[in-house]
Amino acid sequence: MMLRRSFGTIHLGHLPDDVSLDEWFYTAQDFDWEDHGYFAGAFALEEGTATSRRHIQFYVEHKRKRPSTLAKDFGVTTPFVFDMVRDASGAWDYCTQSGRHEGKEGVIDGFTFGSPKLHGESARADLKMLVALVLDGIHPWDIMINHPYAYCVHRKRIWDLHNDWVHRVVPERE
C-alpha cells in the first residue's frame, strides 16, 4: 500500500530506546522534510488528559510512500503509526489545534511546515441536501463545483432527479 498523506500517533514505544518523545519532537522541527519528499505537515506534542501519557500527533502530505519508508524517514520502529487519511482538513485542524479543535486540552507544543493541499472533504455526501438543491433550481453543474465529493457519490441520482424535475416526468395515473 502506498500513501500520499498520513495521519498518526507516535508513542514512546514507537521510538528507539535512546530517544525520548521530546527529543524526537524538537529534532523533527529542524529536519529538512521537503528534501525527503514531504510537502506539508503539522505536528503536536501532547499529553493525554485522561492518561497523562505524552505522544505526538501528526499529519503529513508527501510523495507516494510505503508505510515502511515513512517509518524509516520518521525514525520510528514500526510502520503501524501511519494511518490512511479520511478527512485531511480535520486531521490538519486536529494537529494544528485550529477549527473545531481550537483550544484543545493537553497540547504542549506544535509546529507546521509547507502549505497543505488538504484534499478530501470533511462533509458527507448528504443526499437530502442535494435533493433540496435540485428542487430549489440549482443546476447539477453548480453542485459539482460547490460539492464535488457529494457530486461524485450521487452524480447519477442528481442528474436523474434534475431531468425528471425540469421535464416534470410524471407517470400517467389511472
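Helices (H or I, at least four residues) and strands (E, at least two) are DSSP runs, numbered from the N terminus. The model is predicted, so local features need pLDDT of at least 70 and side-chain atom pairs count only at pLDDT 80 or more, whereas totals for chains, interfaces and linings use all residues. Residues are numbered from 1 along each chain as its sequence is written, and side-chain values use heavy atoms, with hydrogens and water left out.

**View 1. A nonpolar surface patch to which helix H4 contributes.** Leu-127, Val-131, Leu-135 and Trp-165 make up a nonpolar patch on the surface, and together they have about 300 Å² of accessible area. Patches are made of residues with over 30% relative accessible area and no salt bridge, like charges being joined within 9 Å and nonpolar side chains (Val, Leu, Ile, Met, Phe, Trp, Tyr) within 5 Å; the areas come from the Shrake-Rupley method with a 1.4 Å probe, and for residues only the protein chains shown count as cover. Helix H4 (residues 127–135) gives the most to the patch, with three residues. Leu-135, which is found in helix H4, counts as partly exposed because its relative accessibility is 37%, where buried means under 20% relative accessible area, exposed over 50% and partly exposed in between (1.4 Å probe, protein chains only).

**View 2. The largest nonpolar core and another core apart from it.** A nonpolar core is a set of buried Ala, Val, Leu, Ile, Met, Phe, Trp, Tyr and Cys residues joined through side-chain atoms within 4.5 Å. The largest has 23 residues, and those with the most contacts inside it are Ile-10, Trp-24, Phe-43, Phe-74 and Phe-82. Two or more residues each come from strand E1 (3–10), helix H1 (21–28), strand E2 (38–47), strand E3 (54–65), helix H2 (67–74) and strand E5 (107–114), and H1 gives the most, with four residues. Apart from this core lies another, of seven residues, which include Ala-42, Val-85, Ala-88 and Trp-92.

**View 3. Strand E3 and its pairing with E1 and E2.** Two strands pair if DSSP finds at least two bridges between them. E3 runs antiparallel to E1, to which seven bridges join it, and Ile-10 stands opposite Ile-56 in E3. E2 and E3 are also paired in the antiparallel sense, over nine bridges, with Val-60 in E3 as the bridge partner of Gly-41. Six residues lie between the strands in the hairpin of E2 and E3, where Ser-52 takes a positive phi near 60°. Because nine of the twelve residues of E3 are buried, this strand is largely enclosed by the rest of the structure.

**View 4. Salt bridges with buried residues.** The structure holds five salt bridges, each defined as a side-chain nitrogen of Lys or Arg within 4 Å of a carboxyl oxygen of Asp or Glu. In the one between Glu-46 and Lys-104, the closest N and O atoms are 2.5 Å apart. This pair links distant parts of the chain, 58 residues apart, with Glu-46 in strand E2 and Lys-104 in the loop between helix H3 (88–96) and E5. Both Glu-46 and Lys-104 are buried. The side chains of Asp-73 and Lys-65 also meet in a salt bridge (2.7 Å, N to O), and Lys-65 is buried, its relative accessible area being 10%.

**View 5. A salt bridge in helix H6, and a charged network.** Lys-156 forms a salt bridge with Asp-160, the closest N and O atoms being 2.8 Å apart. Because they are four residues apart in helix H6 (residues 148–167), Lys-156 and Asp-160 are separated by about one helical turn. Lys-156 counts as exposed, at 59% relative accessibility, while Asp-160 is partly exposed, with a relative accessible area of 35%. Asp-22, Glu-47 and Arg-54 are joined into one network by salt bridges that share partners.
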